[in-house]
Amino acid sequence: MKKDEVPQDLGSLGKITKEVCYATDSTGKYVTELSTGWDVKTKALDVAWEDIAKRIATAKERVLNNHASPLLFFMEYRLMDISILADYTGFWKWQIKRHLKPGVFNKLSNQKLQKYAEAFNIKVEDLKSMTVHED
Amino acid sequence: MKIEFEHRQAAHCESGVTSNLLRVSSNSKITEPLAFGIGAGLFFAHIPFIKINNGPAIAFRTLPGHIFNRTCKSLGIPVIRKKFRSKEKAEAFLKECLDNGHPVGCQVGVYYLPYFPKEYRFHFNAHNLIVYGKEGGNYLVSDPIMENATVLDSYQLERVRFAKGALAPKGHIYFPEKGADITDEQIKQAIKNGIKKNVNSMLYIPGSFAGVAGIKSTGNKIKKWRDKLGLQKAGSYLAQMVRMQEEIGTGGGGFRYIYAAFLQEADSYLPGNQLADISVMFTKAGDLWRTAAVQAAGIYKGRIGSQEDFNTMGDYLLEIAEIEKSAFLALKKIKWQ
């Protein structure tokens, strides 16, 4: 890539910091050049977040239909799978799988709910009511 | 407490941290491309059966930690590294290092890294930054991908040092011990070692998931994605590949440009070995990776999407595999002058 071809499309990172690219100058020598972003990868990132948004919406519906507990919603919201959540909370994976059932979840002690709330960085009441505050 | 330390931005976090930590003892000679090349950073792997964020697990660089370790080892610099179970001990050790005047490298997760834009926060645990002091409640942080130095309070730093999930950092802290100054002779030898290691990892790992063979095999897989996954999911897979290839920290073209820059710098240490010519081949590979990314973007933007378009996409990777294969074979055949 030549130095004057380094893309300068404004991406989400570009608003906060420019990133270093390696490119060749007119003599063919490598130099660094700052880039504000490239729409090819901005779109790639958008695709990832659109997929996540869909998964969150599906999870929300499953919780509202009483097919899953709010854990599922917050797992999707925080991009966590069962093993990440197990690492953050200290629960076993099989326990989390049980807690994903609404009936089991509704009987969880406050102490256990607190562990989940901490992992998701939210409050216990928000966990129960599936409420999201933008952070 | 604040250690004399100058923040310098880099393309890639680990090679940037390595280069910045070695700046004093190397008298600024170990630049980011040199650290990347000596650490044999260039790679390709597509791990089967594993999914990351529900997409393919594709990497364009070697395993986290390797670049720092290999570079220091090749240059004969002793390394201190520690992981912790206890958060308190991790912070105590960090403070001790800072008190002794060592800026230190820390492996962190980016999901709860506050200065990162929200769009970039995934559960990715192999990010690296340097801590070089503490003022009041705040640690002074030099994150190589940021233009300026930044700060994290104790809780924020502890949170990212003890992020959970795959490759959990467990408070991983590392720094080179102060030793003798690095000589040009050592750098020359380290360059040769690094090239040799990278030739091995790109050409001679058995199986078809890694190295040049991995690029070829992924190229062939991509051609089948449209039928196998459906257009939408195939698009998401390609988007994930492009992110691994171009997102913050690769320097562009899936690290191929950094490697080309490394060979150019290596050429001035070891002239008469055609390193500059081989560097051009990596530039060509990097350019082709980016052309492939544009093609992929056409697919995930929904502009194109026929089987023919997927074939073109796959063929780009086959062509790249050929270029990188001949480039690494050329490196292998060097009789050092």
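**Reading a contact and a sheet in a predicted model**

Mentor: In this predicted model, the contact draws 29 residues from chain A and 42 residues from chain B.

Trainee: Which helices of chain B each supply at least two residues of the side that touches chain A?

Mentor: They are α9 (231-246), α10 (256-269) and α11 (275-300) of chain B. The largest share of that side, eight residues, belongs to α11(B).

Trainee: How do the residues on that side of chain B divide by character?

Mentor: On the side of chain B that touches chain A, 19 are nonpolar, 14 polar and nine charged. As for size, an interface is often described by the accessible area lost when the parts come together. For this contact, what I can give is the residue tally: 42 from chain B and 29 from chain A.

Trainee: Turning to the sheet, what is the strand order in chain B?

Mentor: The order is β3-β8-β4-β5-β6-β7 (chain B), an open sheet of six strands with antiparallel pairing.

Trainee: Why is one side of β3 and of β7 of chain B left without a neighbour in the sheet?

Mentor: β3 (79-82) and β7 (150-153) of chain B stand at the edges and have a single partner strand each, so one side of each lacks a neighbour in the sheet. On average, neighbouring strands of this sheet are turned by 35 degrees against each other, direction ignored.

Trainee: How many bridges join β3(B) to β8 of chain B?

Mentor: Four, and the two strands run antiparallel; β8 of chain B covers residues 173-176. Within this pair, Ile80(B) stands opposite Phe175(B) in β8(B).

Trainee: Which helix packs on the sheet?

Mentor: Helix α1 (residues 13-21) of chain B does, touching β4 (104-108), β5 (127-135), β6 (138-142) and β8 of chain B. The direction of α1 makes about 45 degrees with that of β5(B).

Methods: Residues are numbered from 1 along each chain as its sequence is written. Chains are lettered from A and ligands numbered from 1 in the order in which they are written. This is a predicted model: local features need pLDDT of at least 70, side-chain atom pairs count only at pLDDT 80 or more; totals for chains, interfaces and linings use all residues. Two residues are in contact if their C-beta atoms, placed from the backbone, lie within 7 Å. Ala, Val, Leu, Ile, Met, Phe, Trp, Tyr, Cys and Pro count as nonpolar, Asp, Glu, Lys and Arg as charged, and the others, Gly among them, as polar. Two strands pair if DSSP finds at least two bridges between them. Axes are lines fitted to C-alpha atoms, for helices over the stretch in contact, and angles run from 0 to 180 degrees between N-to-C directions.
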